[in-house]
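Okay, thanks everyone. I'd like to walk through one residue and its surroundings, and then take a look at the empty space inside. Let me put the structure up.

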Amino acid sequence: MFIPAVKELAEKAASRLREASKVIVVSHIDADGLSSAGIASLALDHIGMEHEVKFAKKLDEAYADELRASKPELVWFTDLGSGSTDILQDLECIISDHHKPVAMSGSNTNKKPKTLFDFDDVPDSDFIQVNPHFVGRDGSNDISGAGAAYLVAKALDPELRKLAHLAIVGAVGDMQDRELGRLQGTNREILADAENFGVIETIEDVNLFGRETRPVWKMLQYASDLQINGITDDYRGSMDFFMELGINLKKGENWRAWVHMNKSEKRLIIRALADLVSPEEFIGEVYILPMEKPGTELHEAKEFSTLLNSCGRYDAAVIGLDVCKGDRKEALDLAYGLRKGHRKQLVDSIKIMQEIGITQMEFIQFVHVGDMIRDTIVGTVAGMLFGSGKIDDRKPIFALAMADDGIKVSGRGTRQLIDAGLDLSEIMRQAVEKFHGAGGGHNIAAGATVPPEKVNEFLELANEIVGHQLSSS
Ligand code: C5P
Ligand code: C5P
Ligand code: ZN
């Protein structure tokens, strides 16, 4: 059962949408943001509502002013908005989001609702917000922006359950399946809708990235969450692993991916891998989109989300949106081209970050990449390096990169650190209060833009707050 209070909020949002004559959808540029926009736009098409979709790297005062100047009748913010309600005055809007709301950050951080239905600590707001934090759930793993948009779509018309696969793509894109090897919380309810509607099939299988499209040896070589001596990051070692098992790596001219292996080959490989690392590290739930072609990026949620990131993070969000909305021709071809570039950027950027090296402070660690890595992927790169075991993960990491309007900071933590009291979104909120700019996010991953001359002060502040967070819980 979906949490009744959230369902109620989604129904309120749907009613407000139905009253409008034109809607502007504003969404974030990552995979979750694009999936959210896809759901919103398809839902509005479905009810015959005129609308326009815009994408924002971040929602700051300049962006809010620009929106206000265009005098929109109604704005539907997806995968952003809750962290910025303090700058949205005079905008008619509804928000479906999973970022930590403004009212719960800053000095109010510990004032989370005490029970699922305790709204006492949530100040009256002019905005209808569909957000898991308002019912005491953690937006980093309970539901994604796309999931929140899906709840609104479903309230518009139950037939829109046919969009549930996009909510799963958004959740996986935000790594909400990472902690347990499967989705949890409200995401599971959405998964049940998706399965019942036949738009997702859940299987338990090898869940390494690239199971549909990468040669198996590449899938293993680049598996960023695994660390197997002589195989991870070692192309010869990875190929030898399969050859020693007698696996044919090619069929004709083509490399074989995981999905091309037959049952006995899969069994053999899983058994051999289990001798090297614990099965939890490479087996988990995999979300298949059965209506898409097997062996393509679109056939599995994680690869689908990476395809979307390859568009949105390179100023081509509209291409990803078109793919979400069903374009399997021009937009998909363009997306495939962008994906090649994204893969190369990630591989190069990981090397760059390692070469620059991580600087240690007492409670945090940081790396400043200057203009060597795009501000839109510096967080992803830091997250990959952080999760790879190549750098110490006992302290949160802050990666800094130059952006058009300041220095972009991306923070990443671990579940252990969260359990010990870490909340990165709180650090970003305090930084924004002190230095101005924009920032927010989740306890485990958050970002901000700070003025270049304030970088050292930011790092000192982050170090101090983290020290405090980890000692006071
Ligand atoms: O903007 P948005 O909420 O969609 O992004 C969530 C971010 O949190 C993503 O960059 C995702 O990689 C990160 N995340 C993480 N570890 C988790 C869950 C989310 O780094 N366990
Ligand atoms: O950009 P990055 O991947 O580091 O973002 C991590 C999380 O922080 C995402 O959920 C993102 O939406 C959020 N964020 C934010 N405001 C910013 C920058 C990032 O809410 N200015
Ligand atoms: Zn999101």
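So, who does His-299 touch once you leave aside its neighbours within four places in sequence? The contacts are Glu-212, Tyr-287, Ile-288, Leu-289, Pro-290, Glu-292, Lys-293 and Pro-294. Keep in mind that this is a predicted model.

One of those partners deserves a second look: the side chains of His-299 and Glu-212 are joined by a polar contact of 3.0 Å. As for where we are in the fold, His-299 sits in the loop between β9, which is 283-288, and α10, which is 301-312.

Buried or exposed, then, for His-299? Its relative accessibility is 10%, and buried means under 20%, so His-299 counts as buried.

Right, on to the holes. Searching the whole structure turns up two cavities of 30 Å³ or more.

The largest cavity comes in at about 60 Å³. Its lining is Val-172, Asp-177, Asn-207, Leu-208, Arg-211, Glu-285, Val-286, Tyr-287, Glu-300 and Lys-302. You've met Tyr-287 already, as one of the contacts of His-299. β9 gives the most to this lining, with three residues. By type, we have five charged, four nonpolar and one polar.

The second largest cavity holds about 40 Å³ of space. Among the residues lining it are Ile-3, Val-6, Val-130, Pro-132, Asp-142 and Thr-186. What's the make-up of this lining? Eight nonpolar, two polar and one charged.

That's me done; happy to rotate the view if anyone wants.

Definitions and conventions
Residues are numbered from 1 along each chain as its sequence is written. Chains are lettered from A and ligands numbered from 1 in the order in which they are written. This is a predicted model: local features need pLDDT of at least 70, side-chain atom pairs count only at pLDDT 80 or more; totals for chains, interfaces and linings use all residues. Side-chain values use heavy atoms; hydrogens and water are left out. Helices (H or I, at least four residues) and strands (E, at least two) are DSSP runs, numbered from the N terminus. Buried means under 20% relative accessible area, exposed over 50%, partly exposed in between (1.4 Å probe, protein chains only). A polar contact is a pair of N or O atoms within 3.5 Å; within protein, one must be able to donate a hydrogen and the other to accept it, and residues adjacent in sequence count only if both atoms are side-chain atoms. Contact means heavy atoms within 4.5 Å. On a 1 Å grid over the protein atoms alone, a cavity is a set of points where a 1.4 Å probe fits but cannot get out, and a pocket is an open set with protein on both sides within 12 Å along at least five of seven lines; lining residues have an atom within 4 Å of a point. Grid points are joined across faces, edges and corners, and a volume is the space filled by probe spheres set on the points. Ala, Val, Leu, Ile, Met, Phe, Trp, Tyr, Cys and Pro count as nonpolar, Asp, Glu, Lys and Arg as charged, and the others, Gly among them, as polar.
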